[in-house]
Amino acid sequence: YALKLGEQFFINHDGVLACRVMSSDNTAQAMSLLDTYQSLFTQLLQFEFHTDETHGVFIAEEKIPLGEILPHFIEFSFSALFCLGRFCLGRSNMAIELEFAYPCPGDAHLFDAFFQNTVRFNCKHNRVIIPLKTLKQSIIFSNALSAHENEALCQSHQRQVQSEEVLIKKVKHTIRNMPFTQVSLEHLGQTLHMSPRSLRRHLHAHGVNYKTLLENERKRLALKRIESGEQSLDDIAHELGYLNASSFSRAFKRWFGKAPVHYKQQEKQQEKQQDTHTRSAQA
């Protein structure tokens, strides 16, 4: 589903980023633009693109805790970029390799058929490996004038998005430096020198609300504590502002689809599979 959805996707923000990517000189420049203007593509994932003498690597990681729905957004993003890449190159296929940091969620043959390239699961990162030959391929819509005009528009949109992110970052920072038992809209407003009503209005203008930001911070810290395995469920529950381990476990299961103990077991199993895959690749 995510692959097919990505196939129909067109980069948003009035198509500004898509137009800038399409006016690039080659694949390498287009991928660099996706790294530079990633906030125009998604607020859920963090992109990183780098190259060496033989290939380029495009890595996608979660920006906020996504739990079990992370594969959907990774597959959707890789599908969207792959299909946009074929379109920009005017080719039916584009030589790449894809790696996913989780077990195959369904029939592996469906992924092979869709991407028509090497697809691996249980890897260390969610990434696309792009050979030098593909990086050098020219974009068929390359246009210097369009590139210049769309670059200015991308920068303008980026500044707008970043200005919106400033307030959200301040709210997140304040939540992280305040005991969850004390967090409230009133306390946040006092710290940020705003009335609760004004803070609520500004957050709403940016498409978020206080409760969502608070829950996302709880998710982030919950995953961090569960993965470290250094605290008991009771201690984690108290730190996150829950009455007991049971109420925390119910919230965790609602967020990530599994109770904390089962989530940890799955994580250990994936680590073993990754180790096995790495040893096999080395052999």
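**Close-up 1. Glu7 and its partner Lys4 in helix α1.** In this predicted model, Glu7 has a relative accessibility of 35%, so Glu7 counts as partly exposed. Lys4 is partly exposed too, with a relative accessible area of 49%. Glu7 and Lys4 form a salt bridge whose closest N and O atoms are 3.5 Å apart. Both residues belong to helix α1, which covers residues 2-7. They sit three residues apart, about one turn of the helix. If salt bridges are new to you, the idea is simple: side chains of opposite charge can pair when their charged atoms come close. A search of the whole structure finds ten salt bridges, and two further examples appear in the next views.

**Close-up 2. Arg127 and Glu99, a link between two strands.** Here the closest N and O atoms of the salt bridge between Arg127 and Glu99 are 2.7 Å apart. Arg127 lies in strand β5 and Glu99 in strand β3 (residues 97-99), so the pair ties together parts that are 28 residues apart in sequence. Are these two partners buried or partly exposed? Arg127 counts as partly exposed because its relative accessibility is 24%. Glu99, with a relative accessible area of 9%, is buried.

**Close-up 3. Arg220 and Glu217 within helix α10.** Let us move on to helix α10, which spans residues 210-228. Arg220 forms a salt bridge with Glu217, and their closest N and O atoms are 3.0 Å apart. Because they are three residues apart in this helix, about one helical turn separates Arg220 from Glu217. Arg220 counts as partly exposed at 28% relative accessibility, while Glu217 counts as buried at 3%. Returning to the residues of the previous view, salt bridges that share partners join Arg127 and Glu99 with Glu97 and Arg120 into one network.

**Close-up 4. Strand β2 and its pairings with β1 and β5.** Follow strand β2, residues 55-62, and look at the strands beside it. Strand β1 (residues 45-51) runs antiparallel to β2, and seven bridges join the two. Together β1 and β2 make a hairpin, with three residues between them. Which residue of β2 stands opposite Gln46? It is Glu61. Strand β2 also pairs with strand β5 (residues 127-131), again in the antiparallel sense, over five bridges. In this pairing, Ile59 stands opposite Arg127 of β5. You have met Arg127 already, as the salt-bridge partner of Glu99.

**Close-up 5. A patch of negative charge on the surface.** Which residues gather in this patch? They are Glu48, Glu61, Glu62 and Glu227. Glu61 is familiar from the previous view, where it stands opposite Gln46. Glu227 lies in helix α10, the helix that also holds Arg220 and Glu217. With a relative accessibility of 35%, Glu227 counts as partly exposed.

**Close-up 6. A nonpolar patch on the surface.** The last view turns from charged to nonpolar side chains. Phe87, Ile140 and Phe141 form this surface patch, and together they have about 290 Å² of accessible area. Where is Phe141 found? Phe141 is in the loop between α6 (132-135) and α7 (144-176). Its relative accessibility is 33%, so Phe141 counts as partly exposed.

How values were computed: Residues are numbered from 1 along each chain as its sequence is written. This is a predicted model: local features need pLDDT of at least 70, side-chain atom pairs count only at pLDDT 80 or more; totals for chains, interfaces and linings use all residues. Side-chain values use heavy atoms; hydrogens and water are left out. Patches are made of residues with over 30% relative accessible area and no salt bridge: like charges are joined within 9 Å, nonpolar side chains (Val, Leu, Ile, Met, Phe, Trp, Tyr) within 5 Å. Accessible areas come from the Shrake-Rupley method with a 1.4 Å probe; for residues, only the protein chains shown count as cover. A salt bridge is a side-chain nitrogen of Lys or Arg within 4 Å of a carboxyl oxygen of Asp or Glu. Lys and Arg count as positive and Asp and Glu as negative; His and the chain ends are not counted. The place of a charge is taken as NZ of Lys, CZ of Arg, CG of Asp or CD of Glu. Helices (H or I, at least four residues) and strands (E, at least two) are DSSP runs, numbered from the N terminus. Buried means under 20% relative accessible area, exposed over 50%, partly exposed in between (1.4 Å probe, protein chains only). Two strands pair if DSSP finds at least two bridges between them.
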